[in-house]
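Here is a short briefing for a reader meeting this structure for the first time. Look over the sequence and the fold before reading on.

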Amino acid sequence: MANSKGRRRRFGAIRRLPSGRYQARYPGPDGVMRPAPVTFETTADADDWLAEKQTEIRRGEWRDPEAGAVSFRAYADKWVDERELAPLTRDLYRYLLDKHLFAFAESDLDEITAPRVREWRADRLRTTNAKTMTAKAYRLLKAIMETAVDDELITRNPCRIKGAGKEKAAERRIATVAQVDALAEAVGMRWRLMVYLGAYGPMRPEELAGLRRRDVDLDNLRVRVRLAEPERMNGRRVQGDTKSEAGTRTVILPAFLRRELCWHLESYAEPGPDGLIFVGEKGAPFRRSTFGRKWRRAREVVGMPEGFRFYDLRHTGHTLSTRSGATLKDTMVRAGQSSEKAALIYQHSDDERQEEVAAGLDATVRKARAAVRETQRDKGPDKPSGTNLARGE
């Protein structure tokens with residue numbers, strides 16, 4: 001087709017529509033003729049648009065305009081399926097897609113724009129009290145859309161809000177030694193050792209769920225953390241690795257826990273080397289929901305804040321270990337925490353130093369308990385005293 005000046009057009013074609021406006025079409029690298037998404041007032045405008053498309057093709061920057069016409073939810077589901085994710089991470093991503101990113105479920109990838117993302121985030125923050133989950137959902141959305149950019153389905157990631165994926169962790173609460181003892185007493189005999197190992201281990205709930213008899217060296221007061229058994233959203237536990245390589249560790253317990261550990265093994269642990277250390281009343285692996293009810297009741301009895309979580313016992317253990325003279329290296333090794341930087345910082349904390357930390361922790365707790373008993377004696381015989389097991393004498 002010739003242009004308005006009679007010269008033969010070398011790229012694309014322009015035709016006048018009955019409305020008087022002009023339509024431009026061009027051949028993509030695959031040879032398929034594609035129309036411009038809009039019509040033009042003049043042939044010059046259409047020429048300019050065709051020239052831009054020709055330049056994109058020559059530079060290798062051209063993208064099929066239909067490439068982004070892919071359902072976000074379908075693409076997101078495939079994105080999750082294609083990755084080697086831990087079961088709990090997979091559950092979390094599915095939850096975020098269902099409960100927090102549902103606004104984009106019916107949209108195509110190229111329909112998710114930066115303004116839409118900003119509007120979605122503002123709405124979540126305004127109408128929900130889920131700041132942490134909103135940040136997690138934003139990070140997931142950003143990761144999925146970044147892969148879509150790599151797949152050349154969209155040209156640019158629409159998630160461009162600075163700091164939107166960062167979570168502001170609440171200040172961790174710390175329990176006193178007396179409060180830990182009271183929580184252990186209130187939670188019930190079957191679960192009291194779990195409270196103590198959570199605080200003075202300090203072990204994660206999924207690590208406690210995976211402990212077997214063969215992991216416990218009663219003579220030397222050592223517990224080997226080899227694996228973790230987190231509970232999925234369907235209530236089933238899945239056996240897997242610890243949270244990181246540093247999570248696989250030997251925890252040397254303070255001496256005051258010897259009696260607690262011995263008594264629990266005799267009373268509640270399953271028999272045999274592979275027997276679980278912690279099981280429910282009916283002999284099955286303990287459920288998060290069941291223990292959660294007991295924990296909330298115990299917390300209420302003791303008068304702890306509603307926001308004090310079982311996981312906060314770990315922070316209590318960190319703090320008490322530091323007060324007993326442990327260094328950052330020692331506490332990080334003890335808790336099984338790691339990062340690229342931390343690995344170099346605390347990797348030289350050996351068993352001898354860990355024994356010193358356990359001894360220091362033992363002395364710190366005994367001193368605190370003695371002070372509580374002294375206070376109770378000063379108040380007279382009417383004041384109830386703690387249990388002998390809690391004293392560990």
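The points below cover the cores, the sheets, a few single residues and the cysteines.

This is a predicted model. Its largest nonpolar core has 42 residues. A second, separate core has 25 residues. Two open sheets of three strands are described here, one ordered β1-β2-β3 and one ordered β4-β5-β6.

**The largest core**

- Five residues have the most contacts inside the largest nonpolar core: V195, L197, Y200, F278 and L313.
- Several elements each supply at least two residues of this core, among them α6 (177-187), α8 (205-209) and α9 (258-267).
- Also on that list are α10 (288-302), α11 (312-323) and α14 (351-379), along with strand β5 (222-225).
- Helix α7 (192-200) gives the most, with seven residues.
- In soluble globular proteins, nonpolar side chains tend to be buried together.
- What does L313 touch, not counting residues up to four places away in sequence? Its partners are V180, L183, V195, G198, A199, W295 and F308.

**The second core**

- This core is separate from the largest one, and its members include F104, W120, A148 and C159.
- C159 is buried because its relative accessible area is 4%, under the 20% cut-off.

**The sheet β1-β2-β3**

- The strands of this open sheet pair in antiparallel fashion.
- Which strands stand at the edges? They are β1 (13-16) and β3 (33-35).
- Each edge strand has a single partner strand, so one side of each is left without a neighbour in the sheet.
- On average, neighbouring strands of this sheet are turned by 25 degrees against each other, direction ignored.
- Strand β2 (residues 22-27) is joined to β3 by three bridges, and the two run antiparallel.
- R25 has P35 in β3 as its bridge partner.
- Helix α1 (residues 43-59) lies across β1 and β2. The helix runs at about 20 degrees to β2.

**The sheet β4-β5-β6**

- Here too the sheet is open and the pairing is antiparallel.
- The edge strands are β4 (216-217) and β6 (249-252), and each pairs on one side only.
- How many bridges join β5 to β6? There are four, between strands that run antiparallel.
- R222 stands opposite I252 in β6.
- Strand β5 also appears among the elements that supply at least two residues of the largest core.

**S321 and M332**

- S321 lies in helix α11.
- Is S321 buried or exposed? S321 counts as buried because its relative accessibility is 2%, under the 20% limit.
- Leaving aside neighbours within four places in sequence, S321 is in contact with A326, T331, R334, V357 and L361.
- M332 lies in helix α12 (residues 328-335).
- M332 is buried too, with a relative accessible area of 17%.
- M332 and H318 are 14 residues apart in sequence. In space they are 8.4 Å apart, C-alpha to C-alpha.

**Cysteines**

- A disulfide is a covalent bond between the sulfur atoms of two cysteines.
- The count of disulfides in this model comes to zero.
- C159 is buried, at 4% relative accessible area, whereas C262 is partly exposed, at 26%.
- C262 is partly exposed because 26% falls between the 20% and 50% cut-offs.

Notes. Residues are numbered from 1 along each chain as its sequence is written. This is a predicted model: local features need pLDDT of at least 70, side-chain atom pairs count only at pLDDT 80 or more; totals for chains, interfaces and linings use all residues. Side-chain values use heavy atoms; hydrogens and water are left out. A nonpolar core is a set of buried Ala, Val, Leu, Ile, Met, Phe, Trp, Tyr and Cys residues joined through side-chain atoms within 4.5 Å. Buried means under 20% relative accessible area, exposed over 50%, partly exposed in between (1.4 Å probe, protein chains only). Contact means heavy atoms within 4.5 Å. Two strands pair if DSSP finds at least two bridges between them. Axes are lines fitted to C-alpha atoms, for helices over the stretch in contact, and angles run from 0 to 180 degrees between N-to-C directions. A disulfide is a pair of cysteine sulfur atoms within 2.5 Å.
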